[in-house]
Amino acid sequence: MEKFFHLKENGTSVSTEFMAGLTTFFAMSYIIIVNPQILSQTGMPWGGVFLATIIASIVGTLVMGLFANVPYALAPGMGLNAFFTYTVCFGLGFTWQETLCMVFLCGLINILITVTKVRQMIIRAIPDALQHAIGGGIGLFVAYVGLLNVDLITFTTKDAESAGKGLSTGATPGLATFNSPTLWLFLIGLLLVIVFTILKIKGGMLLAIAITTVIGIPMGLTTMNNSISIGDAFGQLPQTFGALFTGEGFGSLFSNPGRLPLVLVTIFAFSMSDVFDTLGTFIGTGRRTGIFSKADEESAENGSGFKTKMDKALFADSVATSIGAICGTSNTTTYVESSAGIAAGGRTGLTSVFVSLFFALSIFFAPVVSAVPSAATAGVLVIVGCMMAASLKEVRWDDISEAIPAFFASVFMAFAYSISYGIAAGFITYCIVKVCRKKASEVHPIVWIVSALFILDFICMAILQ
Ligand SMILES: Nc1nc2[nH]cnc2c(=O)[nH]1
């Protein structure tokens with residue numbers, strides 16, 4: 001064990017790595033409840049997604065620990081599972097099987113760009129401020145999903161008459177009135193998550209979900225009506241496992257040539273979000289703790305192949321997405337919550353191996369986990385989103401030429417309820433700002449190309465609809 005993980009060299013021990021693994025697992029274990037809740041809204045079987053989430057997390061985290069020897073854990077990401085459900089399936093009208101195909105292709109693209117120079121080119125092309133804004137914007141998006149899941153933000157439809165008087169059509173957003181049990185339960189859960197997070201209680205997120213779920217029993221919100229057994233979950237796995245290779249998956253996705261541009265743009269949006277989320281997580285959490293050295297970061301930008309821990313970690317992350325898609329889940333990514341285990345002393349891949357072990361044990365809790373109401377998990381979304389928003393601090397908001405593209409790539413991402421359109425708006429406004437400042441030559445050709453592709457996409461959609 002010592003030889004494989006270099007524990008002494010990294011100033012750690014088996015017991016420290018065990019505690020770090022437990023800490024990270026408890027910090028992120030809510031995903032085995034929340035991910036099936038979000039993805040099953042598309043019609044995916046709850047039990048199938050539950051097991052796919054666990055399998056993808058086990059495999060991805062094991063690859064990270066054993067191949068890269070760094071203490072990071074992976075699971076399906078909260079930003080991209082929301083993008084999968086609300087934008088791609090509900091908004092763009094793709095089926096979940098087709099969307100899984102796009103996630104799988106995104107994983108393959110990420111592997112390709114990780115082993116070739118393209119990844120380095122993309123990293124160099126996108127200015128730092130935009131990279132941080134995209135990472136932070138995904139956090140705002142996740143928090144917003146949490147608020148909408150319990151209808152804390154309501155949309156009151158205007159009547160046609162007031163619309164005719166110059167007011168915009170559509171609906172007015174506003175705060176809900178606190179007269180529903182779902183909102184009360186959400187507020188209790190939110191309060192618990194805030195208190196436990198601030199007091200740094202180990203496993204606080206999971207504990208808050210558990211307590212809120214129990215409180216939901218007398219309120220009639222936690223019922224076993226929809227809960228499923230371990231046997232049922234395994235019975236549903238064949239419906240999601242490999243679904244992307246069926247006629248409803250690849251067969252259907254490429255059957256309509258007219259939809260090809262939309263498919264390509266969507267895969268592109270998945271890839272962009274995934275790539276920058278991961279880089280932001282590694283750079284944001286690894287630099288301060290010394291897990292990745294300066295040489296690692298430079299190698300990620302300039303080198304090729306798998307010379308450093310960062311290269312290997314990026315490879316592990318990209319492999320996990322395709323494996324997860326085959327199992328039946330949205331993009332598997334490196335979790336910001338790994339920073340909880342790193343703070344508890346985790347320094348090597350042994351921490352990740354322990355996290356995988358705990359994920360494997362969680363399979364036996366399927367019946368309880370499936371009874372958890374969404375009001376008990378929405379508070380976690382809000383606070384995880386808040387944690388992910390930390391990278392916004394890297395943006396120089398007092399420099400308006402940096403603030404405008406960063407605003408569109410982050411805050412607008414949540415307003416538009418779309419990660420990809422946030423990225424698009426960030427890129428396009430960045431080009432505009434640079435042209436106005438007569439610094440167009442500073443814009444990398446990749447940024448011009450991506451911006452042009454997004455504009456083309458908007459024009460296509462406007463003509464099609
Ligand atoms: N980096 C990262 N961490 C997460 N934690 C929960 N969801 C996510 C995500 O999408 N990305």
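By a polar contact I mean a pair of N or O atoms within 3.5 Å, with the further condition that, within protein, one must be able to donate a hydrogen and the other to accept it, and that residues adjacent in sequence count only if both atoms are side-chain atoms. I begin there because the ligand site is the first topic today, and a backbone N or O atom of V336 lies 3.0 Å from a nitrogen atom of the ligand, which falls under this definition.

Before going further, a word on the source. What you have in front of you is a predicted model, in which local features need pLDDT of at least 70 and side-chain atom pairs count only at pLDDT 80 or more, while totals for chains, interfaces and linings use all residues. Residues are numbered from 1 along each chain as its sequence is written, and side-chain values use heavy atoms, with hydrogens and water left out.

Back to the ligand. D277 also makes a contact, with a polar side-chain atom 2.6 Å from a nitrogen atom of the ligand, and an N or O atom in the side chain of E337 is 2.8 Å from a ligand nitrogen atom. Taken alone the ligand exposes 280 Å², and the protein buries 99% of that; these areas come from the Shrake-Rupley method with a 1.4 Å probe, and for residues only the protein chains shown count as cover. There are 13 residues around the ligand, of which M78, D277, T281, V336 and E337 come nearest, where a residue is counted if one of its heavy atoms lies within 4 Å of the molecule.

Which elements each supply at least two residues of the shell around the ligand? They are α5 (78–91), α14, β4 (332–334) and α20 (374–388); helices here are DSSP runs of H or I with at least four residues, strands are runs of E with at least two, and both are numbered from the N terminus. The space taken by the ligand is the second largest cavity. A cavity, on a 1 Å grid over the protein atoms alone, is a set of points where a 1.4 Å probe fits but cannot get out, and a molecule sits in one if more than half of its atoms lie within 2 Å of its grid points.

Let me turn to charged pairs. Side chains of opposite charge can pair when their charged atoms come close. Taking a salt bridge as a side-chain nitrogen of Lys or Arg within 4 Å of a carboxyl oxygen of Asp or Glu, the count comes to 4. One of them joins R259 and E98, at 3.1 Å from N to O. R259 lies in the loop between α13 (247–253) and α14 (260–289), and E98 in helix α6 (residues 96–115), so this pair ties together parts that are 161 residues apart in sequence. Both R259 and E98 are buried, a word I use for under 20% relative accessible area, with exposed for over 50% and partly exposed in between, computed with a 1.4 Å probe on protein chains only.

Another salt bridge links K393 and E394, again with 3.1 Å from N to O. Here K393 is exposed at 61% relative accessibility, and E394 is partly exposed at 40%. R396 and E402 also meet in a salt bridge, at 2.7 Å from N to O, and E402 is buried, with a relative accessible area of 13%.

Next, two backbone points. Phi is near 55° in N69, a positive value in a residue other than glycine, and K438 likewise has a phi near 55°. Are these two residues buried or exposed? N69, in the loop between α4 (46–68) and β1 (74–76), is buried at 11% relative accessibility, whereas K438, in the loop between α22 (419–436) and α23 (445–464), is exposed at 75%.

Finally, some distances between C-alpha atoms. A68, in helix α4, is buried at 3%, and its C-alpha atom is 8.2 Å from that of D311, although the two are 243 residues apart along the chain. F306, partly exposed at 33%, is found in the loop between α15 (294–302) and α16 (309–327); its C-alpha atom is separated by 9.4 Å from that of T114, 192 residues away along the chain. By contrast, L381 of helix α20, which is buried at 2%, is 59 residues from A440 in sequence and 39 Å from it in space, C-alpha to C-alpha.

Notes:
On a 1 Å grid over the protein atoms alone, a cavity is a set of points where a 1.4 Å probe fits but cannot get out, and a pocket is an open set with protein on both sides within 12 Å along at least five of seven lines; lining residues have an atom within 4 Å of a point.
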